[in-house]
Each structure stands twice: as structure tokens, then as C-alpha cells.
Amino acid sequence: MAQSNLALSAQPGAQAYADAGDDAARFGPRGIGARLLRNEDARFLAGHGEYLADLNLYGTMEVAFFRSPIAHGRIRSIEIPEEVRSRVFLLSDLGDVRPVRAVLNAPGFRGSDFPPLADGVVRFVGEPIAMCIAPTRAEAEDIAQQIFVDFEELPVVTDMLKAADGSAPSIHDGWPDNVCFVSTPGNGDMAQAERAAVVTIERDLHMHRQCVVSLEGRGVLAHHDRRLDELVVYSSTQQPHIIRTVLAPLIGVEENKLRVVAPDVGGGFGVKNNLQAEEIAIAALARIVDHPVRWIEDRREHLTASPQAREHHYRMKLHADAQGRILGLESEVIVDAGAYSIWPWSCAMEANMSAGIMPGPYRMDAYRGRGITVMSNKPPLGPYRGVGRPGACFALERMMDELARAVGREPHEVRIDNMVLPGQMPFLTIAGKLYDSGDFPESVRRAAEMVDVPGVRAQQKDNGKDGLYIGLGWASYTEQTAHGTNEWLSRNLTEVFGYEAATARFTPDGKLILEVAIQNHGQGLETTLAQVAATELGVDPADVVVRHGDTAVSPYGLGTFASRSMVMAGGAVGRAAQMLAEKVKRIGAHFLQTTADKVTLEDGAVVHGPRRVPLSEVARAAFRHAQDLPPGEEPGLSVTTTFQPESGTGAFSYATHAVVVCVDANTGLVKILDYVIVHDCGTIVNPMIVDGQIQGGLAQGIGNALLEESPYDETGQPLASTFLDYLLPGFTEVPSARISHIVSPSPFTRYGIKGMGEGGAIGAPAAIVNAVNDALHGLGVEINETPVTPRRILKAIERAAKGDRP
Amino acid sequence: MKPAPFDYVRPRDLGEAVAALSEFEWGARVLAGGQSLVPMLNLRLSPVLRLVDISGLEELRGVEEDPEGVTFGACVRHGEFEDGQVPDPARGMMHHVAGRIAYRAVRNRGTIGGSLSLADPSADWITVVMALGASFVIRGAAGERRVAGSDMFLGPYSTALGEHDILAAIRVPKLGRSARWGYYKIIRKAGEYPMTTASVVLDPDRGRSSVVLGTVNRGPLEMARMAAGMQGAGTWSAQLEGNLREAIRLDLETAGRDQDSCEMKLCETTLLRAAQSALVQ
């Protein structure tokens, strides 16, 4: 286990975990905290995962979508050659299918419909218009190529600033402009802050649009099971239960006749965390044909027609005193949410989240935020690892570096001075977020030590030699995770993701099965949930079966997103396993002729002093020989229960990133020399998985900072539709971060666990762009957009050399 | 992203291959390693009526070495240069360049002839073979002909190959004992296409020096003034660098390369670094 935080015992709720350094004593040798290899790797590393394309159902026909080639237009007519007409399906061919309408329950929110196939108008390049079916995908594409659509082209909106100021024509009928929603979080006396300010920093910043790239694209297979009279929908999704609930009424099927299965899912990152138009279309199609139908998203569809991410524009104003102590923050974020609102998050999620989390780990007396969601003729925006926060962190942390420069201090010292202190926890931020625990300044102090600030500053004396420039960049952030009922209600979502459910049950041979409603797609949950059960039941986690991702195998639950599964499903598994343990102990104690309070569960047995009853004996009695049970004990060994954190506002992880880069002023290329992350996610369930999540998030953050961008031309055509144009970081672009942990267990969650799936991606864009700016500051360069491409760097150097300020 | 239907022919020899191409006025394409052509087929970018698969033709996989040079069959793979399975007439330059083409999976299948026939301006081989003074053996309906390097590449994706021609072999003369070379490319991500490439070859024994620049959207460019400036250069110096900068500027100007400042900078950096690496070898 990592270093424990000595300040911990001063925090509310932390006493129970004051001995955080010794997990084995508290949680068992192979329980929570153990460094275990992953159970699921046996199949993944052998190539035995079963993904959507691996399913082999007799008679399956493959689907190719005919998608809009233009960004905005009214369909005048669709010509389909007669010989293929029976294999082409338009919206009008699908019978009763309703569009998705993803809204917020908030005054002023403008709703719009997102039909599964175009309903007379198309609003982005790649919008599905028709489905073509054939025995192979190539033949289905041949059919799609024969379709001709006559469009009346409509004005195209691609510039979010014009969409925001009302100068662009509205893309949705009945809307006066393209502004969907404006949120205005904030508190405090800004006039007072302005009066008291010695320094005021103002900047515009921009984070460009990105794709969300999972190794496996999206995909859907659906068929009607005649025996059960059930529609079965396999989808590469992160949330099968929720998909069933919302899909059922849209296609006129009852939930008890609809099964949704997520097989092995090859990465999600949020792009599979929505109800997809293609899911509705394929499910609707399966109702009216007599064979299975399948769509497998190809890479071009993935890059151009999947939900995309980011595209934020910030206008920031930071007021501070002469020491750099923040007095007030004004921020406006405009988000280009694309053409449609995605269920269940709505198109306003990104802007609202960014504006809500903006003050970050800092104390301030006044905050005035504004989150503006605008629509455009681009693919809809959906969640992507970090949701809103990489942009917010980028904007604020860039400002923090500029503030430090303005007051002539080291950026990390200014951060430390402004941070919420451990003694103030739990702390209600100026934006209304309740931070549960942690020592934010310590994360900066430790990172400063690890990265060796004086050493880097000394190296920088050689900046300019051979055109090379070294820079040090910082980013600190908080990561709201596992938010419960209160948070979702406060966001006005139509769905409230406040809990998770689990069943823990033994089989008659004494082996354990966990059935959970989350979906494991790379998070290691088949291992970590087993570790939780091991903590409560003394079983070997390698021997525990974890079943998930199927509405037919687990109780109802909400899915894997928002860094919630370990806290929520872990809590539910913990509760179910604990309740099951009580019964196992009663039965075992009966065998051992003692009472349940005198026995423990260890190594797969009920133990009382030197004597032990194996779980297989307990299970035998419970399932097959009820005569051996204690009087009045019910047969069976199965518990289903739920878990909700004590606070519905979430458990906040946090971290400080420090990165040293070298910028080559003759090429504009950025090389990462050192990357340090000091991270706190409370109780760590599996240290290797936690470090893997941080490193994986960092990889995507590096993509955001340096490589990934999905530009559109003024006619709304995507300019990055293959990996030739959309660059992802690879092995050689992602250094191994040096990671250190602080452990401040959450007082609100079972075992003190905090979610931590997104942080790596949140901090990296800010830290890297700060480092580039630190490197090039001597040349008069300032860059406030991502990604920092060679072209942007070279152009900025050129502008600075001409004396133009950014 | 699956290809439209096409006819597929696997000829037994080069003559049959040319005949198979000639049966179509247009739209028949030669398939060698397939590393560019197959993705293009999948994207349905342009209609392809027939693929003539030459990857199994042994006569295109041969390598002949003589005292003056080496003739490589067009279907020799990048990986064979990388692994030293074929002789390197360029004193290590071809080995060096091959090992940095895309990813190993691409190098296992991609061929030197396929890459040169496509003439993607940002691909690695073009500037190298031009700087080495290679010539090309082309087989067409009218028989075999030879084309010099400078006449081979006409622009981006444009070569001296006719619709029914197949590049059969690449003849690379041997560098002299005192020859030096440099290769540099600027890439945003290891394995991806470069933004710019440059090859420098200085061969005093043969009285020859050559510098060739490759960019993304223009054909390869022979940098005559820069090559002249390199001739006889001993070691790298600030004065030499200054002279070369001026030569580069004039070469680009003469060629009408009115690139924007950013592209100019990348070209200059690439050329200077290739030149420098040739001199410090």
C-alpha cells in the first residue's frame, strides 16, 4: 500500500481508517488493498474475449448505415433501386419508433428530438438515414452506395461563437437561436473582489473538438428469441439496464420482454455510455425481420458519427491580491454540443459540469460562472473521460500559472497558498460542491519535491541552446466521483444514478458468484469486486466469478460511468457479502458447536480456534441438506442488496500533476521528459489497477494536449476521418508517470473508497500546455489552446518574434 | 469500410501481369504489399475494377549485386532492408531508412516498389532513391524500359508509370568508400507519415552530391544549391549552416515553393538536420 497520510486522523470520519497503512490486517491478505493480477486477463491476454463481432448467431445479416454526406439539409427525395428496396430500411419502414428527447428538468432548457434515422432533415455529416442489410458488410455497403438522396441544402453552423451570439441561423425548428441552455453557478461578492484585486488576469482559451476513441468501436446485434418471446439486444454498451429501460418504450416493447446484453466491451471511455441512435434502429429492425441483424461500427464511423467530446471556449477573469491569493473568479464557458442532445446526459452536461467544477481545489470569496451550451451541425457531444473537467482544469490552471507569473512567484507556491486545507474538510466550495476529505497542498508539495523544482529551473538556464527549451508545468484538480442522488438531482437530470445493486450467492459446492449491474470494460472490476468479497467472506478472489453487463443475470442497476463502479458496486458487493457472511457464520458456528460471534471467515472456511468448517460444507447444508442447518435457518445462500453512499454529492479524488517538457523551437515538437503525479483516491482496492487507470488516463490526456483534434471545415465536413488525420498517442508518446499516493479515505463511502477512473485525463492537458508555455515564455510566447500542435507552436513563436502579443 | 467488388488476378509471371493490366483501359491496379492500396480500397476512394496481385512473383523478389550497384526486385519488403537480408549499396542508408518506415507490421508486407509506384510524397523511400541516383526498370506492354530517378517522380502520386506499366526493379548505384549520407524526417508520432523528409548523399569518389526534400503535398524536390553547398564540406560549422540556410531559401524560391512560414521552417529544419547528420557520421 502507498504512503498513508498522517494528517488523516484529523479528518471527520477518518478515524476508522487511521491505520490506513495496514490493509492486510483490516481487509484480509487477498482482500481490499492487495496487489493482485487481474482475473479477466486470462481470457483477454489469450485472445479469448468475446466481443460483439465475435458473436456467431445463425442467419445474422450485417447492417451498413447510409449516412448523410452533408451537414445540414432537408431531404427532398430518396431514390433506392427497386432490386434492393426490400433490403433498405428508412425510418418510415420501421413502424412505430419514437425519437429520443434528452432534456434537463430545468427552466429554460430547450429540447429537441433525435430520431434514430433521419426524419426529413439531417443535421450533421454521418447522421444515419437508412439501414442496408446483406449477408456481409461489404455487400451491405454496395447497397448503400446505390442510394441517392436529393437534399435541399440548409445553412451550416460550425462556429460556436456565432452560435452563441445569435448571429447563426437556428438548426432546430422553433428555436430563436442555437443556444440550448445557460447555467449560472456562483456565489459571493464579485464587486468586492474586483475592488480589492491588485492583479486581474484575463484570457480567452480554447480546447478543440476531439473524438472518443475506444479500441473496439460501437456495435449492436439484435434478434427475437421465439421461445421466450423476448427481444435480445447485444450492445457494446457501458450500461445495459438503463439502455433496456429507455429503449423499451421507444420501440414499443415491454421491459420484461427485452433483454440487453453487453458482451466483452473493448473500451468505452464514455462513448458507449449513451443511448445510441444505432441501438434504437437495430433493435427496431430486429422486430420486423425474421433473422438476427448486426451493425459493427467501422473506424470511419467511429471518428465521424460517434458522439464526440470537448470543444470548449473559455473567457476567464481572475482577481487576486499582490501575493496571488485568489479573491474572485469570473468564467464563461461556451460548449459546441453538436446537432443533438444525447440521452440521458443532455447536450448541456459538458458546459454545466465545467462551470460547476471550475473553482477546483481553491478557496475564493467570489465565483461567477456561466456555462453556455450551443448547437451546431456537427456530431452530438457525449461524455468522454473527464467530462467537462479537462477543459475546466485547463482553463483555470492556465490562469493560475499566469497569475503566478504576474505576482512573480513559483506557480506551485501560489497553488499551495490558495488550496482548501485538510483541516477545513469536509469543505463546501463556492460553487456548492462538498469536498469530503484530503490534503490538497500536500499533493503539490510532494510533487514539487519529486520533480525537483530547483533542478529544473537550473536546467532552464540553457534554454535556447540548439533551439531547445525546457519547461515545467503544473495542474491540480479535484475529481468528483460516484456522485449519488443529490448530485444528479441538482443537475436536473431526468435519471438519478444514486445507487448500485449486487447479488452475492454461493453455488452448492461452496463457490461464490457475484452478479452486478455495472459493466467491466477494462477497469478490472472482475478482480476488484472479488477482492471486496474476499474481504467480507475470506474467499480466494481468484476463485470468485463476477457476472455483469446483462439484464438477465443481475439485479437492476445503473452501469459503469462517472468513476462510480468501485464505490457503488463495490459498496453493494460489500454489503451483500457481509450479509451473506453473517448467515455463513451462523451455519458454520452451528457445525462447530459455538456461536456466530465467536467464528471468523478465513481461507474458504468458517474458523473457530483450531477447528474449521469449509465453505463447501456450509453450502452443502444450505442447498442440499437442510436438516443440518441451525433451527429456524432458511435454506439457500444468496443475498441481493443495494448500496448508496452516505452523501449523494460524491467522493472527491484529487491530484497534482507536474511535467517537464522539452520544446524544439525548430520543429514545434514537444517531448515529455518527466511526469509526476501525486494522487489521492482514498482507500486503494488494487494498487496496480489504480496506477494503470492513472497511466491510461494520462495517455488520453497527452492526446488531448498534443495530438488529438477533430476539425470541421465551414461546410461541416469532418477533416479527420481516419487515423491518418486523427493522431492518437502510442507507446512511444506516453512516458511512464512517476506516481505517488496520499490515502485519505472518504467518510461517505464503504471502506473509504473514492472513484478514480478519469483523473489522468483531467490534469494532463493543463499541465502539458503550462509546461510548453513555461518553456517558451522567454521568447514571448503564450499558447492557450489544445492540442499544442507543431503548427500552433511555430506560429506562436513567429508571432512573438514579430512582437505580436497573443 | 469494406471494398466494392473487384476482379482479382494472380499472374504467373511479369508478362502475364502486364497483360492482365492491359485488359482494362483504366481501373486495373497492381497489388504488391497492399499497405496503402488495401486501406484505399476499403475507403472506396476510387473505383478499382481489377487487382493484379504480383506479390507471389519470384522474379520481382530477386536481388542482384555487381561491382557498380545493386538491383532490387520491386517486391523486396522494407523489413528485408531493415533486417540486413539484402545488400545495402548505400553504406547503411537504406537499412537505416527502412527500419523507420511506419510500423514493423507495415514493414513486414510493404514493398519498396509498391511505395515508389504510389509516390506518396511524404513516404520515406522517394527522397532516398532520388538522392542515391537510382534508376528504375519498368515493364509495360511495349517491353522493358529504364527511367532515371529525376524523370520518375512527376508530383504527388504521379510517376512515369503508365496505366499498364509495372515497376519491376530499382537499380541503386554503390556509394564510394568516402561517401556520407544523412536522413531526417519530422514526425508528430512514431510510425505515422512524416510532415517533411530529407535525404543528403555526399559521394566525393563519384563527384556527386545530392539533397532531396520531401513534403506532404508537393512532389520531391532536388535542392541543387544546397547540394552544391555541401560538396566538399568537411565538418559542420556555423558558417556552413548560414550558407546552407541561404541555399535552401534560394532553392525553394526557385522552385516556386511559396509555402507558409511554418512549412518553410519545417523544411529548413529537416534539410539542415539531414545535412548535419551526414557530416557528423
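**Entry 1. Chain A as a whole**

I began with long-range contacts: in chain A, 80% of the contacts with a separation of 6 or more are between residues 24 or more positions apart. I note at the outset that the model is predicted. I then looked up the secondary structure of chain A and found 20 helices and 30 strands. The C-alpha trace of this chain spans about 90 × 75 × 50 Å along its principal axes. I asked why chain A may be compared with a compact globule. For 806 residues such a globule would have a radius of gyration near 28 Å, and chain A has 27 Å, which agrees. I also recorded that 59% of the 806 residues of chain A count as buried.

**Entry 2. An annotated stretch of chain A**

I consulted the UniProt record, an unreviewed entry, which lists residues 46–155 of chain A as "domain: Aldehyde oxidase/xanthine dehydrogenase a/b hammerhead". In the model, residues 46–155 of chain A are 8% helix and 28% strand. The C-alpha atoms at the two ends of this stretch are 51 Å apart.

**Entry 3. Strand β13 of chain A and its partners**

I next examined strand β13 (residues 293–296) of chain A, which pairs with strand β1 (residues 61–67) of chain A in the parallel sense over two bridges. Within this pairing, A:Glu62 has A:Arg294 as its bridge partner. Strand β10 (residues 219–225) of chain A also pairs with β13(A), but in the antiparallel sense and over four bridges. Here I found A:Gly219 bridged to A:Ile296.

**Entry 4. Helix α6 of chain A**

Which residues of helix α6 (residues 240–250) of chain A are buried? I listed A:Pro240, A:His241, A:Ile242, A:Ile243, A:Arg244, A:Leu247 and A:Leu250. I recalled that an α-helix has 3.6 residues a turn, so residues three or four places apart point the same way. The cover over the buried residues of α6(A) includes β11 (230–235), β12 (258–261) and α7 (277–288) of chain A. Just after α6(A), I noted that A:Gly252 takes a positive phi of about 70°.

**Entry 5. Domains of chain A**

I looked up the domain assignment of chain A, which gives domain 1 (213–305), domain 2 (309–486 + 647–801) and domain 3 (499–643). The C-alpha centres of domain 1 and domain 2 of chain A lie 34 Å apart. Their contact takes 13 residues from domain 1 of chain A and 16 residues from domain 2 of chain A. On the domain 1 side, helix α8 (residues 299–304) of chain A gives the most, with four residues.

**Entry 6. A three-stranded sheet in chain A**

I then turned to an open sheet of three strands in chain A, with the order β23-β24-β25 and antiparallel pairing. Why do β23 (600–602) and β25 (611–614) of chain A each have one side without a neighbour in the sheet? Both stand at the edges and have a single partner strand each, so one side of each is left free of a neighbour in the sheet. Neighbouring strands of this sheet are turned by 35° against each other on average, direction ignored. Three bridges join β23(A) to the antiparallel strand β24 (residues 605–608) of chain A. In this pairing A:Glu602 stands opposite A:Ala605. I also found helix α17 (residues 615–623) of chain A packed on the sheet, where it touches β24 and β25 of chain A. The direction of α17(A) makes about 55° with that of β25(A).

**Entry 7. Chain B as a whole**

I moved on to chain B, whose secondary structure comes to 11 helices and 14 strands. Its C-alpha trace spans about 60 × 45 × 35 Å along the principal axes. A compact globule of 281 residues would have a radius of gyration near 19 Å, and chain B has 19 Å, which agrees. Buried residues make up 46% of chain B. Among its contacts between residues at least 6 apart in sequence, 63% join residues at least 24 apart.

The domain assignment of chain B gives domain 1 (7–53), domain 2 (58–173) and domain 3 (180–279). I noted 35 Å between the C-alpha centres of domain 1 and domain 3 of chain B.

**Entry 8. A glycine in a loop of chain B**

Finally, I located B:Gly232 in the loop between α9 (224–230) and α10 (238–254) of chain B. Is B:Gly232 buried or exposed? B:Gly232 is exposed, because 9 other C-beta atoms lie within 10 Å, and a residue counts as exposed at 12 or fewer. The C-alpha atoms of B:Gly232 and B:Val30 are separated by 42 Å, and the two residues are 202 residues apart along the chain.

Terms used:
Residues numbered from 1 in each chain as written. Chains lettered and ligands numbered in written order. Predicted model: local features only at pLDDT ≥ 70, side-chain atom pairs only at ≥ 80, totals over all residues. Rg over C-alpha atoms; globule rule 2.2 N^0.38 Å. Buried ≥ 20, exposed ≤ 12 C-beta atoms within 10 Å, placed from the backbone. Contact = placed C-beta atoms within 7 Å. UniProt positions renumbered as here; feature names shortened; annotations may be inferred. Domains from an automatic or database assignment. Pairing = 2+ DSSP bridges. Axes fitted to C-alpha atoms, helices over the stretch in contact; angles between N-to-C directions.
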